[in-house]
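Thanks for coming. I will go through one model this morning, starting from a single residue and working outwards.

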Amino acid sequence: MRKVILLSLVVICAIAIIHGFFMPWAKASASATKVAKGLAKSATMGMLENTPFAGKFIRGLDKATDKISDLGDIRIKTVVSGYDIPTLVNKKTSQIAIAVASVVFKDAKDLDKKSMLVYLLPLLALVCIGLAIVGLKNKIAIIVMAILSGGVAVGGLYNLMTVDLSNLPVQISIEQGLWQTMYAYLLISVIGIVWIITDIMAVKKTK
C-alpha cells in the first residue's frame, strides 16, 4: 500500500510537469515608447544612416510615439510556453524565447539545437512514471528516478535563481509553468528518497 501511494504521488507530479509544459514559462513586457525609440536609434546608427528613408522613418515613429504618450504609453506583453520555445528559437522570431532558453541552458552557444532538449522534460516525466512502476519490485529503478529527477530540478532551479534578467532589452519574468515543472521534478526526487528510506526501514523490521 505504501508503494502504491508513492507511485500515485509520482504520477501526480508527472502530470503537473506535462501540464506545466503547456503553461506560460515566461512573460516579456516592454514599453511601446521605448521600443519606438529603440527602432529610431537603430535607423539613425545603422545602414540607413543619412538616407532619405531614415528621416521619413523617424518622423513616422515620432508621430506614433507622440500618440502613444497621449494614451499614457502602452505595455507590449508576450507570453511563451515550454512547447513554444524550440520553434520560436529556431525561427529566431522571439527574443523572449531565446532569453528563456538561455536561462534554462545557461549558455547561448548552439541554442537552436539545445532548445530541442526542452521536449525531453515531459518525456522524462513519463520515464519517471515507468521507473516508479518498475520500482514496485526493483529498488534500483527508484534510485535512478531520484537521481534523474533531482539532477533536472537542481540544475533548472539553480539556473532560474542565479540568472540576471536585468540586462535584457525587455522586462522578462519567469512564470508559473517553468517553476511548476522544476518543483515537480524536485518533489519526484524527494519521493524517490523517501521510497528508498522506507524500503530500507521495512527490510530492517523484517529481520
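Is Ser149 buried or exposed? It is buried, and its relative accessible area is 0%. Keep in mind that this is a predicted model, and every value I quote is computed from it.

Let me stay with Ser149, which sits in helix 8. Its side chain reaches back to two backbone oxygens. The distance to the backbone oxygen of Met145 is 2.7 Å. For the backbone oxygen of Ala146 it is 3.4 Å. If we set aside the neighbours within four places in sequence, Ser149 is in contact with Cys128, Tyr185, Ile188 and Ser189. One more distance here: the C-alpha atoms of Ser149 and Met182 are 9.0 Å apart, with the two positions 33 residues apart along the chain.

Now the chain as a whole. The secondary structure amounts to nine helices and three strands. In sequence order the pattern reads α-β-α-α-β-α-α-α-α-α-β-α. The chain has 207 residues, and 37% of them count as buried. Its accessible surface is about 12,100 Å², with 67% of that belonging to carbon and sulfur atoms. On contacts, take the pairs of residues at least 6 apart in sequence: 77% of those contacts join residues at least 24 apart.

Next, the core. Which residues have the most contacts inside the largest nonpolar core? They are Trp25, Met145, Met182 and Tyr185, in a core of 35 residues. Several helices feed into this core: helix 1, helix 4 (85-91), helix 7 (120-134), helix 8 (139-162) and helix 9 (176-206) each supply at least two residues. Helix 9 gives the most, with eight residues. Two of those core names have come up already: Met145 offers its backbone oxygen to the Ser149 side chain, and Tyr185 is one of the contacts of Ser149.

A second buried polar residue is worth a stop. Thr181 lies in helix 9. Its relative accessible area is 1%, so it counts as buried, the cut-off being under 20%. Which residues does Thr181 touch, not counting those up to four places away in sequence? The list is Ile17, Gly20, Phe21, Trp25 and Leu121. For Trp25 I also have a C-alpha distance: 9.4 Å to Thr181, across 156 residues of chain. Trp25 is also among the residues with the most contacts inside the largest nonpolar core.

Now the charged residues. As background, side chains of opposite charge can pair when their charged atoms come close. How many salt bridges does the structure hold? It holds two, and Asp199 takes part in both, once with Arg2 and once with Lys3.

Take the pair with Arg2. The closest N and O atoms of Asp199 and Arg2 are 2.8 Å apart. Asp199 is in helix 9 and Arg2 in helix 1, so this pair ties together parts that are 197 residues apart in sequence. The pair with Lys3 has an N to O distance of 4.0 Å. Lys3 is likewise in helix 1, so its bridge to Asp199 in helix 9 ties together parts 196 residues apart in sequence. Taken together, Arg2, Lys3 and Asp199 are linked in a network of salt bridges.

What about burial in this network? Asp199 is buried, at 7% relative accessibility. Arg2 is partly exposed, with a relative accessible area of 31%. Lys3 is partly exposed too, at 24%. Leaving aside neighbours within four places in sequence, the contacts of Asp199 are Arg2, Lys3 and Lys139.

Last, the surface of this end of the chain. Which residues make the nonpolar surface patch of about 440 Å²? They are Met1, Ile5, Leu9 and Ile12. Ile5 lies in helix 1, which covers residues 2-21. Its relative accessible area is 44%, so Ile5 falls between the buried and exposed limits of 20% and 50% and counts as partly exposed.

To close, helix 1 has come up three times. It supplies at least two residues to the largest nonpolar core. It holds Arg2 and Lys3, which are linked with Asp199 in the salt-bridge network. It also holds Ile5, one of the residues of the nonpolar patch.

Terms used:
Residues numbered from 1 in each chain as written. Predicted model: local features only at pLDDT ≥ 70, side-chain atom pairs only at ≥ 80, totals over all residues. Heavy atoms only, no water. Patch = residues over 30% accessible without salt bridge, like charges linked within 9 Å, V, L, I, M, F, W, Y side chains within 5 Å. Areas by Shrake-Rupley, 256 points an atom, 1.4 Å probe, with all protein chains shown as cover. Salt bridge = Lys/Arg side-chain N within 4 Å of Asp/Glu carboxyl O. Helix = DSSP H or I, 4+ residues; strand = E, 2+ residues; numbered from the N terminus. Buried < 20%, exposed > 50% of the residue type's maximum accessible area, 1.4 Å probe, protein only. Core = buried A, V, L, I, M, F, W, Y, C linked by side-chain atoms within 4.5 Å. Contact = heavy atoms within 4.5 Å. Polar contact = N/O pair within 3.5 Å; in protein donor to acceptor, adjacent residues only side chain to side chain.
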